Amino acid sequence: MKEGYVIRDQDRPHFLTCTIIEWIDIFTRKIYRDTIVECFEFCIKNKGMILYGYVIMSNHLHFIVQSRDGKLSDLIRDFKKFTAKQILEKIQTEPESRKDWILERLAKATETHSRNKNFQVWQYGNHSEEIFSLKFLWDKLNYIHLNPVRAGIVSKANHYIYSSATNYSNGTGIINSIEIAENPVINVNRSSEFWKYNHYDEE
């Protein structure tokens, strides 16, 4: 893991990226996206996670998170470990047309690392960036929420269910316990502002 990505201040919120090994499109299946949602909810309720925003893309997650206990590294480690276990279990037990190919890739990934004996789901490292100001927090929230728009999946950020965009625009989402960040002055004319994509199209 690069020096700049080390979580130094365990109390502060951080922007994190978790990526599936070899960029395999695991999260094109709803069952795996729901696994991430369930784990977020569990960690918020039981592990002191404060989640400011997130998006689940086809092969990676972006999220802004803080630890109430000042143990962010431990929290992220446990999150990745548990989600990897759950994803593997579902690949092996639920209907999955790509099962053999995915398991082969996850097994091959362990050949260059000694930590995982059988399968590796997540790439090592989280590309963590410390949130040092409200402006930087909103820069990252805009980046997170506009990911599906940039990818051409939706035309408006809050049309994408598996992100916190609807929490910020409509006050509700599939994870209702999002910690809503303080709202700064928004310039809706900037193409990078999530609020440009705030409202649903008129029917």
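**Helix 1.** I started with helix 1 of this predicted model, which has 17 residues and reaches 24 Å from its first C-alpha to its last, close to the 24 Å expected at 1.5 Å a residue. I then listed its buried residues and found Tyr-32, Arg-33, Thr-35, Ile-36, Val-37, Cys-39, Phe-40, Cys-43 and Ile-44. An α-helix has 3.6 residues a turn, so residues three or four places apart point the same way. Looking at what the buried residues of helix 1 pack against, I noted strand 2, strand 3 (60-67) and helix 2. Past the end of the helix I checked the backbone at Gly-48, which follows helix 1 and has a positive phi, near 75°.

**Nonpolar core.** I next looked up the largest nonpolar core, which has 59 residues, and noted that Phe-27, Phe-63 and Trp-122 are those with the most contacts inside it. Strand 1, helix 1, strand 2, strand 3, helix 2, helix 3 (99-108), helix 4 and helix 5 are the elements that give two or more residues to this core, and the largest share, eight residues, comes from helix 2. For Phe-63 I left aside the neighbours within four places in sequence and recorded contacts with His-14, Phe-15, Leu-16, Cys-18, Phe-40, Leu-51, Gly-53, Tyr-54, Ile-76, Phe-79 and Ile-144.

**Aromatic pairs.** A search of the whole structure gave me eight aromatic pairs. In one of them, the rings of Phe-15 and Tyr-143 have their centres 6.1 Å apart and their planes at 80°, and because that angle is over 60 degrees I entered the pair as edge-to-face. This pair links distant parts of the chain, with Phe-15 in strand 1 (residues 14-19) and Tyr-143 in helix 4 (residues 134-150), 128 residues apart. I also compared the two partners for burial: Phe-15 is buried, with a relative accessible area of 3%, whereas Tyr-143, at 36% relative accessibility, counts as partly exposed.

I then turned to Phe-40 and Phe-79, whose rings are stacked, at 4.9 Å centre to centre with 20° between the planes. Phe-40 lies in helix 1 (residues 30-46) and Phe-79 in helix 2 (residues 72-93), so this pair ties together parts that are 39 residues apart in sequence. Both Phe-40 and Phe-79 are buried, and I found that they form one aromatic cluster with Tyr-54 and Phe-63.

**Charges over rings.** Returning to the edge-to-face pair, I looked for charged side chains over its rings and found Lys-140 over the face of Phe-15, at 4.6 Å from the ring centre, and Arg-150 over the face of Tyr-143, at 4.5 Å from the ring centre.

**Gly-53 and Ser-164.** Is Gly-53, in strand 2 (residues 49-56), buried or exposed? I entered Gly-53 as buried, because its relative accessible area is 0% and the cut-off is under 20%. Apart from neighbours within four places in sequence, Gly-53 is in contact with His-62, Phe-63, Ile-64, Leu-141, Ile-144 and Ser-164. I also took the C-alpha separation between Gly-53 and Asn-142, which is 9.6 Å for residues 89 apart along the chain.

From Gly-53 I followed the contact to Ser-164, which lies in the loop between helix 4 and helix 5 (165-170) and is likewise buried, with a relative accessible area of 0%. With neighbours within four places again left aside, I recorded Tyr-52, Gly-53, Tyr-54, His-145 and Ile-178 as the contacts of Ser-164.

Key: Residues numbered from 1 in each chain as written. Predicted model: local features only at pLDDT ≥ 70, side-chain atom pairs only at ≥ 80, totals over all residues. Heavy atoms only, no water. Phe/Tyr/Trp six-rings, centres within 6.5 Å; stacked < 30°, edge-to-face > 60°. Helix = DSSP H or I, 4+ residues; strand = E, 2+ residues; numbered from the N terminus. Buried < 20%, exposed > 50% of the residue type's maximum accessible area, 1.4 Å probe, protein only. Lys NZ or Arg CZ within 6 Å of the ring centre and 35° of its normal. Contact = heavy atoms within 4.5 Å. Expected span 1.5 Å × (residues − 1). Core = buried A, V, L, I, M, F, W, Y, C linked by side-chain atoms within 4.5 Å.
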